[in-house]
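Thanks for coming. I will keep this short and go through a few local features, so please have the display in view.

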Amino acid sequence: MNLTEFNQSDLCEHFSCPERSGSPAVYILLYVCSAAVVLLTVCGNMLIIISVLHFKQLHTPTNMLVFSLAVSDFLVGALVMLPMFIWTIESCWIFGRDFCISFLLIGGFLTSLSIYNIALIAVDRYLALSNPFLYMNTISKWTMYIVVFSNWCVCLVYNTAFCYFNGTFMSYLMCPGECFYIVKDIPSVIDLVYSFIFPLSVIIILYTRVFVIAKKHATAIRELNNHTRPKTQKITSHSMKSERKAAKVLGILVSVFLMCLLPYFIYSLLGNVIELQTKTFQKVLLVFCLNSTINPVIYALFYPWFRRCIKLIITLQIFQTDSALINILS
């Protein structure tokens with residue numbers, strides 16, 4: 001959370017832990033719903049991870065990025081969401097100083113990692129559509145392994161360096177029932193550019209190009225249909241339909257991501273201007289975390305191969321001999 005220069009005693013007075021209000025039944029319902037969301041996030045992303053790791057047909061460069069995104073979303077569900085829900089429901093941080101530091105560090109790392117995973121998927125799709133022959137000859141699975149590993153390392157190094165040079169390891173402010181730290185002006189601007197403006201620009205520009213290229217492909221296929229025999233026309237029509245569907249799913253994924261991302265960074269951008277509100281921070285952070293829950297649902301709704309993988313995993317057929325070679329894309 002971005003904080004301007006406040007006196008620590010004033011901060012602690014501002015962030016006093018409120019008394020719990022409401023009936024026990026309401027709190028039980030909130031905890032049950034929170035547990036269900038966390039479980040859906042963890043299990044949904046675990047299914048994607050198992051699917052990509054197990055089935056050889058899914059061992060493609062693009063799916064390595066999908067795998068990286070699923071791992072980051074899984075960690076959000078496993079390490080960030082539950083404390084975040086409890087903090088929001090109780091209106092009070094109950095886990096102490098040490099866990100607060102870990103929570104903020106892990107949350108910052110996974111936030112930037114998820115954003116750059118989406119940005120790398122944008123780069124991958126743009127390269128694949130703009131020059132498919134060059135893409136097939138230059139982008140291999142091992143190339144993508146290096147890209148994914150480098151992305152994780154860069155995000156980890158950046159967030160560690162950000163906290164060190166910002167002084168958060170030395171200047172944590174711990175008031176009773178709260179979890180926050182000071183972000184200085186210059187590091188705050190740097191973080192805004194690195195974690196939001198740059199990757200968001202890449203995502204918007206490249207996905208716009210992707211849709212333009214997909215539209216050109218569809219137009220070319222439509223024109224080709226006017227000069228082909230019925231059999232070829234059937235094939236090209238199927239390809240055009242597949243492209244439109246892929247573009248639709250792509251648009252949904254990016255739109256949901258941006259809707260979940262924008263409130264968090266708008267609040268971060270205005271954090272030094274508007275009145276500091278912990279409740280607002282909690283809500284926008286929860287909205288961002290919910291993107292990790294929604295992604296597997298989108299895959300399940302729009303990708304038949306993922307539904308087949310779920311069926312094979314739940315029925316334990318993946319433990320059968322040569323199950324990794326099952327055709328799931330047909």
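W87, W93, F95, F99 and F103 are linked into a cluster by ring pairs. Keep in mind that this is a predicted model. Over the whole structure, the search turns up 17 aromatic pairs.

Let me take one pair from that cluster. The ring centres of F95 and F99 are 5.3 Å apart and the planes meet at 50°, so this pair is classed as tilted. How exposed is F95? With a relative accessible area of 32%, F95 is partly exposed. F99 is also in the partly exposed class, at 36% relative accessibility; the class runs from 20% to 50%.

Now a second pair, Y299 and W305. Their arrangement is edge-to-face, with 6.4 Å from centre to centre and 70° between the planes. Y299 has 6% relative accessibility, and because anything under 20% counts as buried, Y299 is buried. W305 is buried as well, with a relative accessible area of 11%.

Y299 brings me to the next topic, since this residue is also part of the lining of the largest cavity. How many cavities of 30 Å³ or more does the search find? The answer is 1 for the whole structure. The space in the largest cavity comes to about 40 Å³.

Which residues line the largest cavity? They are N45, I48, V66, L69, A70, D73, N295 and Y299. By type, the lining has 5 nonpolar residues, 2 polar and 1 charged. Three helices each give at least two residues to this lining: α2, spanning 24–54, α3, spanning 61–90, and α9, spanning 278–302. Of these, α3 provides the largest share, with 4 residues.

Let me stay on α9 for the last item. I294 is a residue of helix α9. Is I294 buried or partly exposed? At 30% relative accessibility, I294 counts as partly exposed. Which residues does I294 touch, if we leave aside neighbours within four places in sequence? I294 is in contact with V256 and C260. There is also a long step along the chain to point out: I294 and G44 are 250 residues apart in sequence, and their C-alpha atoms are separated by 9.1 Å.

To recap, the ring cluster runs through W87, W93, F95, F99 and F103, and Y299 both pairs with W305 and lines the largest cavity. That is all I have.

Technical notes
Residues numbered from 1 in each chain as written. Predicted model: local features only at pLDDT ≥ 70, side-chain atom pairs only at ≥ 80, totals over all residues. Heavy atoms only, no water. 1 Å grid on protein atoms, 1.4 Å probe; cavity = no way out; pocket = protein on both sides within 12 Å on 5 of 7 lines; lining within 4 Å. Points joined across faces, edges and corners; volume = space filled by probe spheres on them. Nonpolar A, V, L, I, M, F, W, Y, C, P; charged D, E, K, R; others polar. Phe/Tyr/Trp six-rings, centres within 6.5 Å; stacked < 30°, edge-to-face > 60°. Buried < 20%, exposed > 50% of the residue type's maximum accessible area, 1.4 Å probe, protein only. Contact = heavy atoms within 4.5 Å.
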